[in-house]
Amino acid sequence: PKIVEYHWNLEEHEIAPDGFKRKMFLVNGQFPGPTIEVNHNDVVRVIVRNNLDEPTSLHWHGMFQRGTPWMDGVPGMTNCPIPAQSSYTYEFNTTGNWGTYYWHSHHKGQLADGLMGPLIIHNPEEDPHVDDYDEEFEVTVSDLYHKASASVVKKLHSIPALEAVPDNILINGRGSFDCDTSIPQFKFEPGKRYRLRLINAGAISNIRFSIDNHKLTIIEADGVPMKKYTVDRLTLHVAQRYSVIVEANQTPQNYYMRAELDTQCFHGEAETLEDYPPALAEVSYNDGEDTFDGSVAAKDTMPHCADMNGESLVNYYPVAAPPYDESIVVRVRFGKNGTRLRGFLNNQTYVHDSSRPTMMNWWSGQSNINSVNFLHVINKPKVVQVVIQGGVNGGEHPFHLHGHTFMIVGTGQGTFDPKKHEANFNYHNPTRRDVAVLPRKGWIAIRFIADNPGVWALHCHMDWHLEAGLSMQFLSLPDEIMNLKIPDSTVDLCKDIRYASARHT
Ligand code: C2O
């Protein structure tokens, strides 16, 4: 296969995405970071020079990492982070993955400090919608804090609240706080059809996306092609991606593209946030003209904070849900752990130890897996159902499973009851994706085929909730992990624990 190589230099710089200056982590001077754009089956190689004053670890969100689970970039689970002022090369194949993905740091709160960017994999042979558009754009939406993630986290630890309201929303890394900042521009040619690859690469916020006077036809969710479904506006929870087709079929002038914080999801603070301004971009049919007369914002077509449901997201290639071999229930709750407010899954709060990743420990024969933080072992390939059960007080949580695309077989309000609910599951063609939203005071049931050796995180993708411990890990096919050839460079990242020597004696 073809190897597509990138050279990335990570540095800290002061920038002002929305007019407010703050220090951020940039890749090759860019925010959002560079786009990885390859064809299906290409191998991606990213040579990282970490010139930050702290360790980092990059994660390729949604990639299956089949055969290379140590490239998944989750400190404490799959690999050790790249130390400050040193280099490391990521390399993984894209087999089985095509569509709209992204990459982000999985180390502490670094993704909120700028370490994120698009990852696009083309597959013209298999993509059923390839003839439905003429051109494409990437649209990354994200929330922005005017403070470094470390101080957001510190504040959350000292006051009993986990909802840090962001200072702004950005489109492709720009927003306006200061009126001087220019907004991003997307040029439309009348009559053309555009595929917009939407990515919510933010830390915590649910973001509502629309383009004045234009409809959005969904064709993809999280790398899975969908049957066409047209909406006026759509909601992206953290880490979700959609491709939508937009036709340039309106009176040629300028229109606003809007990315809005769904303030209603900050339960308890929603009222004080009423006037939170949207991020704007310009969709322009004209060169140079500045009129937005007649640009009319879309009306709501979805309830606040809700995810797209099964009828709006129908897999283009139908897949029936196989019966499960094992079903586990994971209960979400927040509570005090000492003086800190933490997130719990089945009464365990995940605390990662960067220097001792589960997979490297296991592979090197140094593991006592019984002592590992919330680990679920899957010894042989099987179908696993996970029911995530929300509490009575909680909000919505976008849950992400690493290394797999799962099926959403059911979701509902209240308490999950297998006898009552499993009969009504969608078995014939459940929506497949890699981030699904646990509804407020409800539950969601996902199924996945656990046949990919590695250690895979299942966690809430709201960055502050992950930091607060809302995470668990699956150790899949441990015997096969023992047979993997983990490269020396990966082993060396953990050299403090001397895996190499342990492995070979
Ligand atoms: Cu987008 Cu655990 O990752």
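In this predicted model, the centres of domain 1 and domain 3, taken over C-alpha atoms, sit 21 Å apart. The two are also in touch: 22 residues of domain 1 make contact with 24 residues of domain 3. On the domain 1 side of that meeting, the residues split into 12 nonpolar, seven polar and three charged.

Where do these domains run along the chain? The domain assignment puts domain 1 at 3–124, domain 2 at 132–284 and domain 3 at 326–503. The UniProt record, an unreviewed entry, carries the annotation "domain: Plastocyanin-like" for residues 11–125, 137–265 and 368–478. Take residues 11–125: this span is 43% strand and 0% helix, and its end C-alpha atoms are 38 Å from each other.

**The chain as a whole**

Counting secondary structure over the chain gives 30 strands and seven helices. The radius of gyration is 22 Å and the globule rule gives 23 Å for 505 residues, so the chain is as compact as a globular protein of that length. If you want a box to picture, the C-alpha trace spans about 75 × 55 × 50 Å along its principal axes. Of the 505 residues, 49% count as buried. Contacts reach a long way along the sequence, too: among those between residues at least 6 apart, 80% join residues at least 24 apart.

**The core**

In soluble globular proteins, nonpolar side chains tend to be buried together. Here the largest nonpolar core has 129 residues, and the members touching the most others are Val-141, Leu-198, Val-244 and Ile-446. Which strand gives this core its largest share? That is strand 28 (residues 442–450), with six residues.

Val-141 is a handy place to start looking around. Setting aside residues up to four places away in sequence, Val-141 touches Ile-169, Leu-170, Ile-171, Leu-198, Asn-200, Gly-202, Ile-207, Phe-209, Leu-236 and Ala-259.

**A tryptophan in strand 7**

Now click on Trp-103, which belongs to strand 7. Is Trp-103 buried or exposed? Trp-103 counts as buried because it has 29 C-beta neighbours inside 10 Å, and the cut-off for buried is 20 or more. Its contacts, leaving out neighbours within four places in sequence, are Ile-36, Leu-58, His-59, Trp-60, His-61, Met-116, Gly-117 and Leu-119. Pro-118 is 15 residues away from Trp-103 along the chain, yet their C-alpha atoms are separated by 6.2 Å.

**Backbone oddities in loops**

A few loop residues deserve a look for their backbone angles. Here they are, side by side:

| Residue or bond | Angle | Loop |
|---|---|---|
| Phe-31 to Pro-32, cis peptide bond | omega near -10° | Pro-32: between strand 2 (22–27) and strand 3 (36–39) |
| Lys-108 | phi of about 45° | between strand 7 (99–105) and strand 8 (116–122) |
| Leu-477 | phi near 50° | between strand 30 (471–476) and helix 5 (478–482) |

Lys-108 has its positive phi without being a glycine, and Leu-477 is likewise a residue other than glycine with a positive value. What about their surroundings? Lys-108 has 22 other C-beta atoms within 10 Å, so it is buried despite sitting in a loop. Leu-477 counts as buried as well, because 21 C-beta neighbours fall inside 10 Å.

Key: Residues are numbered from 1 along each chain as its sequence is written. This is a predicted model: local features need pLDDT of at least 70, side-chain atom pairs count only at pLDDT 80 or more; totals for chains, interfaces and linings use all residues. UniProt positions are given in the numbering used here, feature names are shortened, and annotations may be inferred rather than shown by experiment. Helices (H or I, at least four residues) and strands (E, at least two) are DSSP runs, numbered from the N terminus. A nonpolar core is a set of buried Ala, Val, Leu, Ile, Met, Phe, Trp, Tyr and Cys residues joined through C-beta atoms within 7 Å. A residue is buried if 20 or more other C-beta atoms lie within 10 Å of its own, exposed if 12 or fewer, and partly exposed in between; C-beta atoms are placed from the backbone. Two residues are in contact if their C-beta atoms, placed from the backbone, lie within 7 Å. Domain bounds come from an automatic or database domain assignment. Ala, Val, Leu, Ile, Met, Phe, Trp, Tyr, Cys and Pro count as nonpolar, Asp, Glu, Lys and Arg as charged, and the others, Gly among them, as polar. The radius of gyration is taken over C-alpha atoms; the globule rule is 2.2 Å times the number of residues to the power 0.38.
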